[in-house]
Amino acid sequence: MQDPSDSDANVDQRPTKPGQHVIISLRRMIAQGVIQPGERIAEVATAAALGVSRMPVRTALRALEAEGLVTKLGGRGYAARAITASEIHGAIEVRGVLEGLAARRIATQGLSSLDEQRFAACLTQGDAIFSKGCLSDGDLDRFHAYNLAFHDLLIDICGNPSIGQALARNNHLPFASASALAVDWNDRPAEFAHLEAAHRAHCAVVDAILRRAPDEAERVMRNHAEAAVGSASIFRRLGIGLGASSTA
């Protein structure tokens, strides 16, 4: 494996807590090919390059195993899995269909006053992140929490537990989960635009739900999944073109 210190990961400005910092950095390094498929990920070298102890690296590798990005090498640690554009596109397409169905169901049945308040409170968290016009330290942690809260709320309110169960299975595929952020903190303006587009998509979905427009709600949510994992530049090596107007 190429030494992580040779990549851009080591110059990240620690925008997140150590655990998220390591997970996001390793996702990006796998997508960009800094860590080659089948090559062992060295805990000590990775921890040193990312400026953390070995424990966050260990925790991150277990999480990435659950996401289908690394495989366990018996007692020898972990290695990056080979991932393909079709594998990622397929998983994201399934996620879009499932979350689009959830949005359609909610728009068709309508929102209770309590659920309307829950969506409003959730979107307010996103407004607070992007109202400054730029990303500051800690915003990735805040976005991660807000983004998961929105997607979890959508599934909770839709009233079909089978959708959530199917999503849970799909989340074990590479970059399929709403939590699978892969961002480049060294290009903050681009990442601001990318993550703000996600927030705008959330707002558009809720607006369509409130207007009882199921076709629109489903379409926006499905489009939203197409750029679910990160900036298109991160996935250029795999030939994945992710839309700029919709994201995780």
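Helices here are DSSP runs of H or I with at least four residues, strands are runs of E with at least two, and both are numbered from the N terminus. What you're looking at is a predicted model, where local features need pLDDT of at least 70 and side-chain atom pairs count only at pLDDT 80 or more, while totals for chains, interfaces and linings use all residues. Residues are numbered from 1 along each chain as its sequence is written, and side-chain values use heavy atoms, with hydrogens and water left out.

Let's start with the whole chain. It has 9 helices and 3 strands, and reading along the sequence you meet them in the order α-β-α-α-β-β-α-α-α-α-α-α. Of the 248 residues, 52% are buried, meaning under 20% relative accessible area (exposed is over 50%, partly exposed is in between, all with a 1.4 Å probe and protein chains only). Now for contacts, which are heavy atoms within 4.5 Å. Among the chain's contacts with a separation of 6 or more, 74% are between residues 24 or more positions apart.

Next, pick out helix α4, residues 85-109. The expected span of a helix is 1.5 Å times one less than its number of residues. For the 25 residues of α4 that gives 36 Å, and the end C-alpha atoms are 36 Å apart, so the two agree. Right after α4 comes Gly110, with a positive phi near 85°.

Now for some helix packing. Two packed helices are described by the angle between their axes and the distance between the axes. The axes are lines fitted to C-alpha atoms, for helices over the stretch in contact, and the angles run from 0 to 180 degrees between N-to-C directions. Helix α5 (residues 113-130) packs on α6 at about 160°, with the axes 10 Å apart. That makes the pair roughly antiparallel, since angles over 145 degrees get that label, under 35 is roughly parallel, 65 to 115 is roughly perpendicular and the rest are oblique. Residues making this contact include Phe119, Leu123 and Phe130 of α5 and Phe143, Tyr146 and Phe150 of α6. By class, there are 12 nonpolar, 2 polar and 5 charged residues. Here Ala, Val, Leu, Ile, Met, Phe, Trp, Tyr, Cys and Pro count as nonpolar, Asp, Glu, Lys and Arg as charged, and the others, Gly among them, as polar.

Helix α6 (residues 139-158) also packs against α8, at an angle of about 25° with the axes 12 Å apart. These two are therefore roughly parallel. Phe143, Tyr146 and Phe150 of α6 are among the residues in this contact, along with His199 and His202 of α8. The contact has 10 nonpolar and 4 polar residues, but no charged ones.

Zoom in on His199, which sits in α8. Is His199 buried or exposed? It is buried, with a relative accessible area of 5%. Apart from its neighbours within four places in sequence, His199 is in contact with Leu123, Gly126, Asp127, Phe130 and Tyr146.

Finally, look at two loops. Most residues other than glycine have a negative phi. Phe175 has a positive one, near 60°, in the loop between α7 (161-170) and α8 (188-210). Arg212 has a positive phi too, near 55°, and lies in the loop between α8 and α9 (214-225). Phe175 is buried, with a relative accessible area of 0%, whereas Arg212, at 48%, is partly exposed.
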